[in-house]
Structure formats: structure tokens, C-alpha cells
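Q: I am new to this structure and would be grateful for a close look at one part of it. Please describe the aromatic pairs and set them in the context of the whole chain.

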Amino acid sequence: MDFLKQTLSVETFSPSSGETATLRWTCPAQGIIAFEPLAFLDSSQSKSVVISAGIHGNETAPIEIVSELVQDFLADKRSLNVRLLVILGNLEAMRTGDRYLEVDMNRLFSGKHANYQACEETRRAQFIEQQVIEFFEQQPSSQRVHFDLHTARKPSFHVRFGLLPYVESGKYQPEMIDWLRCVGLEALVINHAPAATFSYFSSQTCGAQSCTLELGKALPFGENDLSQFVGIKEGLISLTTGTACPDNSAAEMPVYKVSQELTKLTEAFELNFAESVQNFTAFDKGSLLATDGEKEYRVKQDQEWLIFPNSSVRPGLRAGLMLTQTALNDWVA
Ligand SMILES: [Zn+2]
């Protein structure tokens, strides 16, 4: 079976399953495959790992990396040491090379799909939620991990970075932080509030250690320079085979937290800088960031860094996030 080819195929899908010498696999729906080692895993020690990519359809590099990993397990080339669920998200947008068709899927989780008119993407988000819940519940006592792989849409001062979903405790597991450093992330961003993202859903609803990874810029299928993505590839192999993670860490991994959100309230919303600025561009205290009719957004701290500026979102949504730096130690359990 060729997982990526089958995922992109428009022919009628039928569920399939099988066994290699060391593992059992089940493909219950297009773009979703679960693996379980045949050898008995002590459930108190086992790990249940979800790896997802393609929640945005045109973010091809992680889709290719994850698909390679799937093929390796199907061919018994690697020794699986965890329960593993691999999810490729937005199938139709993957086929057309778009970020999304009707609605950005990473705004649809934690039930937010119900706020939109039903379409392929709302149905897919809901289906993925069910698959993840079931996967974790099948082995309730095992440790839960989820990494959602993306590529950034614009240039960035930190090429690879992680977005940690908001957790009430304000603490993240040291094991996950170490892994994020090992795969070569150049920065971490800590979210300040619940969100409709896949990683917030798996963290909040399923109790998983989760992170959204932004892994540099992607090109169309087959044109990616996968050498840029060695760190994440090696990290995923170590995570799923239970081997030590090779150290691909960057010189530094500064940590940021959200200081304010630029919310587009009305169609009058305007950014006060070129939308093409890089992620993690710094602004000094007092700088005017955006206006929305009478309302002004200004930098409040000595320095704030900008990520994800996008003034074309619909009113009510986030048009950018401002960050301040923070110490990692304050956030590690
Ligand atoms: Zn993305």
C-alpha cells in the first residue's frame, strides 16, 4: 500500500488492515492509519502518539515526511515501540494545493465546526476529533502525545518554531520540551487562551502533551528540499521507535508568550505595517500596530514581536498576535 498515493486518490476508498512481522495496521478512512506493535505493550508504560500533517492542504513537506514514516513501518523497516495514529488532514485541499477550500480547518476543532455551515472541512474536523478520542480511549492509561506538523506561510526570523496550546496549569512536560529542542526548533510560543486548533483540542479534550510545529516553508509535492527537515524526521523516528532523539538543536530556543491579540472587529481594520513583514518582527513600545475605526492597537511592553499578521480574516477573528519574551523555566513542570 502507498499511503500518500491512496490519500490523494479520488477513487472510492475502502477500509483496509493488515499485519507485518511486528505490527498490525488499520486504515479506517482515507488519510488515516493506525499502528500497534504485535508484541505486548505494558499499558502502564505504553505511549499513544498522534502525528498529523496537512491540516492545511498546501503544507506538503510534513505530509511527505509523515508518509515516508508510514511506508517504513508498513515495510517493517523500523521497529515500532508506541501505539501510533497518523492523520493527514485536509484531503481535498491537499489535492488542489490549497491551504483550505471553504474554512481553515485549524479553526474548527473543539466543536467549533458546529459554528459553520456544514462542508467537507467541518465534517473532516469532526471526524478527526472522533478518531483521536477513540484512539486514546482504547488504551486509557498510556501516555498521550500529539504533534501537529505545519509549515509557515511567510518568511520568519525563527524558521522552525513550536506553538504550545494554552494549558490551565501553565506547565508543560520536560520530556516534550526536550524533544522540541532536539528536533531543532528555534523558538517556542506559549498560547494565552483556548483556541480552535487541533493541538489545543488534543491537549484540552484528550489530555495529550501537544504542540503545533511550524517547520519552515514548503513547496509543491516532490519539490521540497527534505534535508531542511532532517531534525523533525529524526525526532519522529525516535519518538515512534523509542530510541534516543539525535541532537539537532538550534543554538538557542527563546520562549515567547502572547501579550496581545490584534482582533479584526470590523471591515475597517487596517494593519499599520506591510503584511509581508517576517514572523517575529520586533516593534518598540508605543508603535501603532493597527487601527479599527476609532480603535488603535499599540505596543504596550518595551518590545513586542509579531506573528501571523493577516488582515483578510473575517471580522471577529485574529488578525495577528503580539508576543513578549519569557523564561522557559517558568513553564516547565
Ligand atoms: Zn498550517
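A: The account below begins with the whole protein, turns to the aromatic rings, and ends with some other local sites.

The model is a predicted one. The protein holds seven helices and 16 strands. Its radius of gyration is 20 Å, close to the 20 Å given by the globule rule for 333 residues, so the protein is as compact as a globular protein of that length. Along the principal axes, the C-alpha atoms fill a box of roughly 65 × 45 × 35 Å. Of the 333 residues, 53% are buried. Contacts between residues at least 6 apart in sequence include many that reach further, for 73% of them join residues at least 24 apart.

Within this framework, the count of aromatic pairs comes to eleven. One of them is formed by Phe109 and Phe198, whose rings are stacked, with 4.6 Å from centre to centre and 10° between the planes. This pair links distant parts of the chain: Phe109 belongs to the loop between H3 and H4, Phe198 belongs to helix H6 (residues 198-204), and 89 residues separate the two. Both Phe109 and Phe198 are buried.

A further pair, Phe161 with Phe308, is tilted, its centres lying 6.1 Å apart and its planes meeting at 35°. Here too distant parts of the chain are linked, since Phe161 lies in strand S7 (residues 160-164) and Phe308 in the loop between strand S15 (303-307) and strand S16 (318-326), 147 residues apart. Phe161 has a relative accessible area of 0% and therefore counts as buried, the cut-off being under 20%. Phe161 and Phe308 also belong to one aromatic cluster, together with Tyr256, Phe280 and Trp305.

Aromatic rings also meet charged groups. The charged end of Arg83 sits over the ring of Phe135, at 4.3 Å from the ring centre. In a similar arrangement, the charged end of Lys295 sits over the ring of Tyr297, 4.9 Å from its centre.

Tyr297 leads to a hairpin. Tyr297 in S14 is the bridge partner of Ala290. Strand S13 (residues 288-292) and strand S14 (residues 295-298) run antiparallel and are joined by four bridges. Two residues lie between the strands of this hairpin, in which Gly293 adopts a positive phi near 60°.

The loop that holds Phe109 also holds Asp98, for Asp98 lies between helix H3 (91-96) and helix H4 (120-137). Its relative accessibility is 32%, so Asp98 counts as partly exposed. The side chains of Asp98 and Thr96 are joined by a polar contact of 2.7 Å. Setting aside neighbours within four places in sequence, Asp98 is in contact with His56, Gly57, Asn58 and Ala93. From Asp98 to Glu59 the C-alpha distance is 8.6 Å, although 39 residues separate them in sequence.

Glu59 in turn is one of the residues touched by Thr151. Thr151 is placed in the loop between strand S6 (143-150) and S7. With a relative accessible area of 3%, Thr151 is buried. Not counting residues up to four places away in sequence, the residues that Thr151 touches also include Ala61, Pro62, Glu214, Leu215, Gly216, Lys217, Ala218 and Phe229.

How values were computed
Residues are numbered from 1 along each chain as its sequence is written. This is a predicted model: local features need pLDDT of at least 70, side-chain atom pairs count only at pLDDT 80 or more; totals for chains, interfaces and linings use all residues. Side-chain values use heavy atoms; hydrogens and water are left out. Two strands pair if DSSP finds at least two bridges between them. Buried means under 20% relative accessible area, exposed over 50%, partly exposed in between (1.4 Å probe, protein chains only). Contact means heavy atoms within 4.5 Å. A polar contact is a pair of N or O atoms within 3.5 Å; within protein, one must be able to donate a hydrogen and the other to accept it, and residues adjacent in sequence count only if both atoms are side-chain atoms. Rings of Phe, Tyr and Trp (its six-membered ring) pair if their centres lie within 6.5 Å; planes under 30 degrees apart count as stacked, over 60 as edge-to-face and the rest as tilted. A charge sits over a ring if NZ of Lys or CZ of Arg is within 6 Å of the ring centre and within 35 degrees of the ring normal. The radius of gyration is taken over C-alpha atoms; the globule rule is 2.2 Å times the number of residues to the power 0.38.
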